[in-house]
Amino acid sequence: GNGICKCRVCECFPNFTGSACDCSLDTTPCMASNGQICNGRGTCECGTCNCTDPKFQGPTCEMCQTCLGVCAEHKDCVQCRAFEKGEKKDTCSQECMHFNMTLVESRDKLPQPGQPDPLSHCKEKDVDDCWFYFTYSVNSNGEANVHVVE
């Protein structure tokens, strides 16, 4: 149903390919929540993600059972850099300088999904049992950028 048969050969309609026109070129089903094809961890083949990073799976390569999660992984460093408290307060300048940090006034000033870099929105508890909010993204140069609500 995705083409016409001419002399026993399928001629595919636009957006379909393959000997039987059964391979969709539409990448929409491969789009991850961060706006990247297969979360940047796989290739979109016939409308389905083929995850190339073995840690990641699922329909858009976003599920990682063994990953700590970007938010939990960077929580202590964000806390000490932004608020000068938390478990890494005393070792902050040695352990936590691996990202660029920007303070923003409110949550609606945080970067939003749809930008080209993979972006995680984080909500974590600090040492005083208060919530703090930040985003973590990595640009094409491999630089990590954190935006924190002050």
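**Exercise 1. The first hairpin**

Which residue takes a positive phi in the hairpin of strand 8 and strand 9?

Solution. Start with the ground rules. This is a predicted model, in which local features need pLDDT of at least 70 and side-chain atom pairs count only at pLDDT 80 or more, while totals for chains, interfaces and linings use all residues. Residues are numbered from 1 along each chain as its sequence is written, and side-chain values use heavy atoms, with hydrogens and water left out.

Step 1. Fix the elements. Strands (E, at least two residues) and helices (H or I, at least four) are DSSP runs, numbered from the N terminus.

Step 2. Go to the turn. The hairpin of strand 8 and strand 9 has 5 residues between the strands. Asp129 takes the positive phi, near 65°.

Step 3. Check the pairing. Two strands pair if DSSP finds at least two bridges between them. Strand 8 and strand 9 are joined by 7 bridges and run antiparallel. Ser120 stands opposite Tyr136 in strand 9.

**Exercise 2. The sheet**

Work out the strand order of the open sheet, then place the helix that packs on it.

Solution.

Step 1. Order the strands. The open sheet has 4 strands in the order 7-10-9-8, with mixed pairing. Strand 7 (99-104) and strand 8 (119-125) are the edge strands, each pairing on one side only. From one strand to the next, the twist averages 25°. Axes are lines fitted to C-alpha atoms, for helices over the stretch in contact; angles run from 0 to 180 degrees between N-to-C directions.

Step 2. Take the parallel pair. Strand 7 and strand 10 (residues 144-149) run parallel and share 6 bridges. Phe99 has Ala144 of strand 10 as its bridge partner.

Step 3. Add the helix. Helix 1 (residues 70-83) packs on the sheet and touches strand 7, strand 8, strand 9 (131-138) and strand 10. Contact means heavy atoms within 4.5 Å. The direction of helix 1 makes about 110° with that of strand 9.

Step 4. Take the second hairpin. Strand 9 and strand 10 run antiparallel, joined by 5 bridges. Thr135 is partnered by His147 in strand 10. The hairpin of strand 9 and strand 10 has 5 residues between the strands, and Gly142 in the turn has a positive phi of about 80°.

Step 5. Judge the burial of strand 9. Buried means under 20% relative accessible area, exposed over 50%, and partly exposed in between (1.4 Å probe, protein chains only). Strand 9 is largely enclosed by the rest of the structure, because 6 of its 8 residues are buried.

**Exercise 3. The cysteines**

How many disulfides does the structure hold?

Solution.

Step 1. Count. The structure holds 8 disulfides. The criterion is a pair of cysteine sulfur atoms within 2.5 Å.

Step 2. Take Cys71 and Cys122. They are joined by a disulfide, S to S 2.1 Å. The S-S torsion is about -80°, so this disulfide is left-handed. Cys71 lies in helix 1 and Cys122 in strand 8, so the pair ties together parts 51 residues apart in sequence. Both Cys71 and Cys122 are buried.

Step 3. Take Cys38 and Cys49. Their sulfur atoms are 2.2 Å apart, in a disulfide. This link is left-handed too, with -100° about the S-S bond. Cys38 is in the loop between strand 4 (23-24) and strand 5, Cys49 in strand 6 (residues 48-51), 11 residues apart. Both Cys38 and Cys49 are buried.

Step 4. Take Cys12 and Cys21. A disulfide joins them, S to S 2.1 Å. With a torsion of about -95°, the disulfide is left-handed. Cys12 is partly exposed at 29% relative accessible area, whereas Cys21 is buried at 1%.

Step 5. Reject Cys130. Its closest cysteine sulfur, in Cys80, is 17 Å away, too far for a bond. Cys130 is partly exposed, at 40% relative accessibility.

**Exercise 4. Glu45**

Is Glu45 buried or partly exposed?

Solution.

Step 1. Locate Glu45. It sits in strand 5 (residues 42-45).

Step 2. Read the accessibility. Glu45 counts as partly exposed because its relative accessibility is 43%.

Step 3. Find its contact. The side chain of Glu45 makes a polar contact with the side chain of Thr43, at 2.8 Å. A polar contact is a pair of N or O atoms within 3.5 Å; within protein, one must be able to donate a hydrogen and the other to accept it, and residues adjacent in sequence count only if both atoms are side-chain atoms.

Step 4. Relate Glu45 to Cys30. Their C-alpha atoms are separated by 8.7 Å, and the two residues are 15 residues apart along the chain.
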